[in-house]
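Trainee: I would like a close look at a single part of this model, set in the context of the whole chain. Please take it slowly and give the cut-offs as you go.

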Amino acid sequence: MPPLITPADRIFVAGHRGMAGSAICRALQRSGYPSLLTASRAELDLEDGPAVQRWFEQHQPKVVVLAAAKVGG
């Protein structure tokens, strides 16, 4: 059976600046997945559904890793 994803596939890591998200990005890069997509909160508000839809249509990631969270308090 062929692999589910290949190194050429675009992988979106939401929350790439956080502790978990940054570790996931590093692990993916070390494992040979250079096509990582990231977007800061200023670039993409994940609570804005239409903006997220437009972003996904434009970038077309094959895999989404959700490591984003609202922290503090």
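Trainee: To begin with, how many helices and strands does the secondary structure of the protein chain come to, and, looking closely at α2, which of its residues are buried?

Mentor: This is a predicted model, in which local features need pLDDT of at least 70 and side-chain atom pairs count only at pLDDT 80 or more, while totals for chains, interfaces and linings use all residues. Residues are numbered from 1 along each chain as its sequence is written, and side-chain values use heavy atoms, with hydrogens and water left out.

The protein chain has two helices and three strands, where helices (H or I, at least four residues) and strands (E, at least two) are DSSP runs numbered from the N terminus. Read along the sequence, these elements follow the pattern β-α-β-α-β, and the C-alpha trace spans about 45 × 25 × 20 Å along its principal axes. Of the 73 residues, 27% count as buried, a word that stands for under 20% relative accessible area, with exposed meaning over 50% and partly exposed in between (1.4 Å probe, protein chains only).

Turning to α2 itself, the helix has Ala51, Val52 and Trp55 as buried residues. Seen down the axis of α2, the buried residues fall within an arc of 100°, so they line one face of the helix; the arc is that of the directions from the helix axis to the C-beta atoms. The face turned away from this buried side carries Pro50, Arg54 and Glu57, which are exposed. Among what covers the buried residues of α2 are β1 and β2 (36–37). After the helix comes Gln60, which has a positive phi, near 45°.

The loop that follows α2 also takes part in the one salt bridge that a search of the whole structure finds, a salt bridge being a side-chain nitrogen of Lys or Arg within 4 Å of a carboxyl oxygen of Asp or Glu. The partners are Asp9 and Lys62, whose closest N and O atoms are 3.7 Å apart. Because Asp9 lies in the segment before β1 (11–14) and Lys62 in the loop between α2 (49–59) and β3 (63–66), the pair ties together parts that are 53 residues apart in sequence. Asp9 counts as buried at 14% relative accessibility, whereas Lys62 is exposed, with a relative accessible area of 52%.

For the chain as a whole, residues 24 or more positions apart account for 61% of the contacts with a separation of 6 or more, a contact meaning heavy atoms within 4.5 Å.
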